[in-house]
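Student: I am new to this structure and would like a close look at a single part of it. Please take me through the aromatic rings and then through whatever else deserves a look.

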Amino acid sequence: MRPERIVILTGAGISAESGVDTFRDKDGIWSKYDYRDVATPEGFDADPELVHDFYNARRAGLAKVKPNAAHKALARLEEAYGERLVLVTQNIDDLHERGGSRNVIHMHGELKRALCSHCGQRHDWEGDMSTATPCPSCHLKGSMRPDVVWFGEMPYHMERIYDALRDCDLFLSIGTSGNVYPAAQFVQEAARAGAHTVELNLEPSQSMRQFGELIHGPATKVVPRYVDGLLRR
């Protein structure tokens, strides 16, 4: 039977095949940087220029990558389901949007957004930032930071996400390790609501036993195949 309401969670695995560096893999970003230096409020307070340089490089890297078949397949699914599909991503890249998805919840923020820690305003952002960058709203210098969720900060849009999980009948987890909270608990929340839960991942995740169905392989192969099957129902 075709599901009525779908929640999809995506992680680093869906973008890795586009060439986006992962954070937690053996050769990922956290093997080269101490996350406490570049991804915590304390790190930003201690050395804001180091943090800006780190995210400026990540932002510039987006120009070198393109959405892949998995991103495009999810956009096709969204086109068929409209508001009955909620796409939540842990990724801070913009590949879902560039792949055609229109309504993406970035629970960990976005590389191409900036936040003023003084006035709280958010702005789309393409280029570099530094301590000399003025806020476009309040014009204060030294207050701009990437609009991303750092360690110790609360992920965005959690109330909306949990509402969707409690209302879905299909939950897909794509390309995520299953060890980052609170996202690792989403499968439990969806299952409590009676949803069928599916893991689509390159390899079994730490939370694989919590899923009702497991499909393992490259995202560019398994995601389009799964979406095609859903749309044929």
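Tutor: F54 is buried, because its relative accessible area is 2%, and in this predicted model that residue belongs to helix 4, which covers residues 48-61. The partner of F54 is Y33, and the two form an edge-to-face aromatic pair with 4.8 Å from centre to centre and 75 degrees between the planes. Y33 itself sits in the loop between helix 1 (12-16) and helix 2, so the pair ties together parts that are 21 residues apart in sequence. Unlike the buried F54, Y33 counts as partly exposed, because its relative accessibility is 34%. These two rings also belong to a wider group, since ring pairs link Y33, F44, F54, Y55 and W150 into a cluster.

A search of the whole structure finds 7 aromatic pairs, and another of them is made by Y162 and F186, whose ring centres are 5.7 Å apart and whose planes stand at 85 degrees, so this pair is edge-to-face. Y162 lies in helix 7 (residues 158-167) and F186 in helix 8 (residues 186-192), so the contact ties together parts that are 24 residues apart in sequence. Both Y162 and F186 are buried.

Helix 2, which covers residues 35-38, holds D37. D37 counts as partly exposed, because its relative accessibility is 41%, and together with D47, E49, D53 and D128 it gathers in a patch of negative charge on the surface.

The backbone also has some points to look at, beginning with the loop between strand 5 (122-124) and strand 6 (144-148), where H139 is found. H139 has a phi near 70 degrees, a positive value in a residue other than glycine, and it counts as exposed, because its relative accessibility is 58%. The C-alpha atom of H139 is separated by 9.9 Å from that of H118, and the two residues are 21 residues apart along the chain. H157, which is not a glycine, likewise has a positive phi, of about 60 degrees; H157 is placed in the loop between strand 6 and helix 7 and counts as partly exposed, because its relative accessibility is 43%. Finally, the peptide bond from Y181 to P182 is cis, with omega near 10 degrees, and P182 has its place in the loop between strand 7 (170-174) and helix 8, the helix in which F186 lies.

Terms used: Residues are numbered from 1 along each chain as its sequence is written. This is a predicted model: local features need pLDDT of at least 70, side-chain atom pairs count only at pLDDT 80 or more; totals for chains, interfaces and linings use all residues. Side-chain values use heavy atoms; hydrogens and water are left out. Patches are made of residues with over 30% relative accessible area and no salt bridge: like charges are joined within 9 Å, nonpolar side chains (Val, Leu, Ile, Met, Phe, Trp, Tyr) within 5 Å. Accessible areas come from the Shrake-Rupley method with a 1.4 Å probe; for residues, only the protein chains shown count as cover. A salt bridge is a side-chain nitrogen of Lys or Arg within 4 Å of a carboxyl oxygen of Asp or Glu. Lys and Arg count as positive and Asp and Glu as negative; His and the chain ends are not counted. The place of a charge is taken as NZ of Lys, CZ of Arg, CG of Asp or CD of Glu. Helices (H or I, at least four residues) and strands (E, at least two) are DSSP runs, numbered from the N terminus. Buried means under 20% relative accessible area, exposed over 50%, partly exposed in between (1.4 Å probe, protein chains only). Rings of Phe, Tyr and Trp (its six-membered ring) pair if their centres lie within 6.5 Å; planes under 30 degrees apart count as stacked, over 60 as edge-to-face and the rest as tilted.
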